[in-house]
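This text walks through one protein chain, beginning with a single side chain and widening out from there. Keep the sequence and the 3D view open while reading.

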Amino acid sequence: MTENYTALYEQHKKAGASFTDFGGWQMPLKYTSELAEHHAVRNAAGLFDLSHMGEVWVTGPDAAVFLDYALAGKLSAVAVGKAKYSLICQRDGGIIDDLISYRRAEDRYLVVPNAGNAKGVARALAERAAAFDVTVEDASTETSLIAVQGPNAENILLKLVPTEQHALVTELKYYAAVEVEINGQQLLLARTGYTGEDGFEIYANNVEAPALWDALLKAGSGEGLVPAGLACRDSLRLEAGMPLYGNELSRHVNAYTAGLGPVVSLAKESDFVGKEALAAVKAAGVGSTAGQKLVGLKGTGRRAARAHYPVLMDGTLVGEVTSGQPSPTLGYPVAMAYVDVEHAAPGTVLDVDLRGKPERFEIVELPFYKRQK
């Protein structure tokens with residue numbers, strides 16, 4: 001696989017990062033301790049390089065109606081300045097990717113796919129655009145994405161924003177974005193994240209990214225900010241019950257099995273790719289009365305479940321773990337798993353086969369962790 005390097009690679013090397021391949025990118029796994037980085041995000045703030053993510057601009061008179069067709073959600077209903085979590089699906093309803101789309105103008109959207117799926121999503125959007133008056137531009141290679149996550153994120157950001165623009169930051173709602181001056185550069189700031197904490201994601205040109213990263217670290221020096229890698233990002237998102245593509249989501253999984261039925265807008269007048277298949281899946285009760293559904297599992301012991309471990313009821317296979325590890329915040333093991341719906345009710349006690357040894361887990365409502373607002 002080709003190795004890609006973000007514009008911040010040298011910053012990570014200087015900070016002593018351990019690297020891992022993720023979606024073909026060399027990304028920081030951790031800098032010091034993934035546990036310390038996890039707790040920093042929960043209690044103060046963490047700084048993440050997410051430049052491996054994709055950025056695809058959809059522009060033109062048909063942008064809204066096109067995205068209504070290309071994605072499973074009703075993007076035409078999104079107000080300018082707001083964002084929406086959605087899915088791009090195959091015709092059979094399988095999930096190509098989960099993504100966030102920002103409406104930046106009546107005729108302009110920024111679609112953000114996951115790292116390993118970025119090229120595939122850009123290609124699928126371009127193919128689906130043939131009958132619409134839109135331009136699909138993949139800007140992933142020239143765009144950097146930096147996230148500041150945690151309870152001190154807002155205070156840190158305000159140190160780099162002119163006083164007259166502070167209200168743009170403090171009044172920015174969740175799943176909204178605004179153009180604001182940060183460290184002397186006009187940048188797109190979104191109040192979004194993948195940690196379960198308050199926080200921001202900042203889109204910048206690759207050339208601007210290193211100076212922005214350094215300025216954020218300096219601004220956060222008295223706020224407990226630390227650079228944070230993918231290891232703690234995974235434990236944070238698991239505690240927050242957020243699905244990860246390749247674990248909970250794939251082309252072989254549909255929205256209803258994954259608990260993402262509300263993301264699908266079957267009621268919108270227009271057709272969309274996968275609508276017929278997803279309507280049939282919903283009508284069959286998949287995820288509610290048939291098939292499997294995604295559940296949260298709370299360990300009753302100390303041993304953690306891991307991806308692909310079998311889930312058992314009285315020795316019979318009823319599911320499979322998709323993600324699992326000890327929860328640093330909660331102090332017990334947590335996992336997500338696909339389980340047969342007849343055994344998926346909260347309170348149900350199941351066994352997870354931990355390499356030949358059964359360990360008890362209880363099904364609980366997701367998310368495992370919810371921040372105090």
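A good place to begin is Leu212. Leaving aside residues up to four places away in sequence, Leu212 touches Ile146, Ile182, Asn183, Leu187, Ile202 and Ala204. The model shown is a predicted one, and the values below are computed from it.

Leu212 belongs to a wider group. In soluble globular proteins, nonpolar side chains tend to be buried together. The largest nonpolar core here has 31 residues, and Leu212 is among those with the most contacts inside it, along with Leu157, Val169, Ile182, Leu189, Ile202 and Leu216. Several elements each supply at least two residues of this core: the strands β4 (45-49), β10 (143-149), β11 (177-182), β12 (185-190) and β13 (199-205), and the helices α5 (153-158) and α7 (209-219). Which of them gives the largest share of the core? That is α7, with six residues. A second core, separate from this one, has 22 residues and includes Ile95, Leu249, Leu278 and Tyr338.

Helix α7 also carries Lys218. Is Lys218 buried or exposed? Lys218 counts as exposed, because its relative accessibility is 68% and the cut-off for that class is over 50%. Lys218 and Leu160 lie 58 residues apart along the chain, and their C-alpha atoms are separated by 10.0 Å.

Two of the strands that contribute to the largest core, β11 and β12, are also partners in pairing. Strands of a sheet pair through backbone hydrogen bonds, either parallel or antiparallel. β11 and β12 run antiparallel and are joined by six bridges. In one of the pairs, Glu179 has Leu188 in β12 as its bridge partner. The two strands form a hairpin with two residues between them, and Asn183 in the turn has a positive phi of about 55°. Asn183 has been met before, as one of the residues that Leu212 touches.

Another run of hairpins is found earlier in the chain. Strand β6 (residues 83-89) is joined to β7 by seven bridges, and the two run antiparallel. Tyr85 stands opposite Ile100 in β7. The hairpin of β6 and β7 has five residues between the strands, and within this hairpin Gly93 takes a positive phi near 90°. β7 then pairs with strand β8 (residues 108-112), again in the antiparallel sense, over five bridges. Here Arg103 stands opposite Tyr109 in β8, and the hairpin joining β7 to β8 passes through two residues. How many of the residues in β7 are buried? Of the 11 residues in this strand (95-105), 10 are buried, so β7 is mostly covered.

A sheet with another kind of pairing involves the start of the chain. Three strands form an open sheet in the order β1-β3-β2, and the pairing is mixed. Its edge strands, β1 (4-5) and β2 (18-22), each pair on one side only. β1 and strand β3 (residues 25-30) run parallel and are joined by two bridges. Tyr5 stands opposite Gln26 in β3. Helix α8 (residues 230-239) packs on this sheet and touches β2 and β3; the direction of α8 makes about 70° with that of β3.

After α8 comes a loop that leads to α9 (275-283), and Thr257 is found in this loop. Despite its place in a loop, Thr257 counts as buried, because its relative accessibility is 12% and the cut-off for buried is under 20%. Leaving out residues up to four places away in sequence, Thr257 touches Val286, Gly287, Gln292, Lys293, Leu294 and Tyr338. Tyr338 was named above as a member of the second core.

The whole chain can now be taken together. Its secondary structure comes to nine helices and 20 strands. The radius of gyration is 21 Å, close to the 21 Å that the globule rule gives for 373 residues, so the chain is as compact as a globular protein of that length. Along the principal axes, the C-alpha trace spans about 60 × 50 × 40 Å. Buried residues make up 57% of the 373 residues. Of the contacts with a separation of 6 or more, 64% are between residues 24 or more positions apart. The chain exposes about 15900 Å², and carbon and sulfur atoms supply 50% of that area.

Methods: Residues numbered from 1 in each chain as written. Predicted model: local features only at pLDDT ≥ 70, side-chain atom pairs only at ≥ 80, totals over all residues. Heavy atoms only, no water. Pairing = 2+ DSSP bridges. Helix = DSSP H or I, 4+ residues; strand = E, 2+ residues; numbered from the N terminus. Contact = heavy atoms within 4.5 Å. Axes fitted to C-alpha atoms, helices over the stretch in contact; angles between N-to-C directions. Buried < 20%, exposed > 50% of the residue type's maximum accessible area, 1.4 Å probe, protein only. Core = buried A, V, L, I, M, F, W, Y, C linked by side-chain atoms within 4.5 Å. Rg over C-alpha atoms; globule rule 2.2 N^0.38 Å. Areas by Shrake-Rupley, 256 points an atom, 1.4 Å probe, with all protein chains shown as cover.
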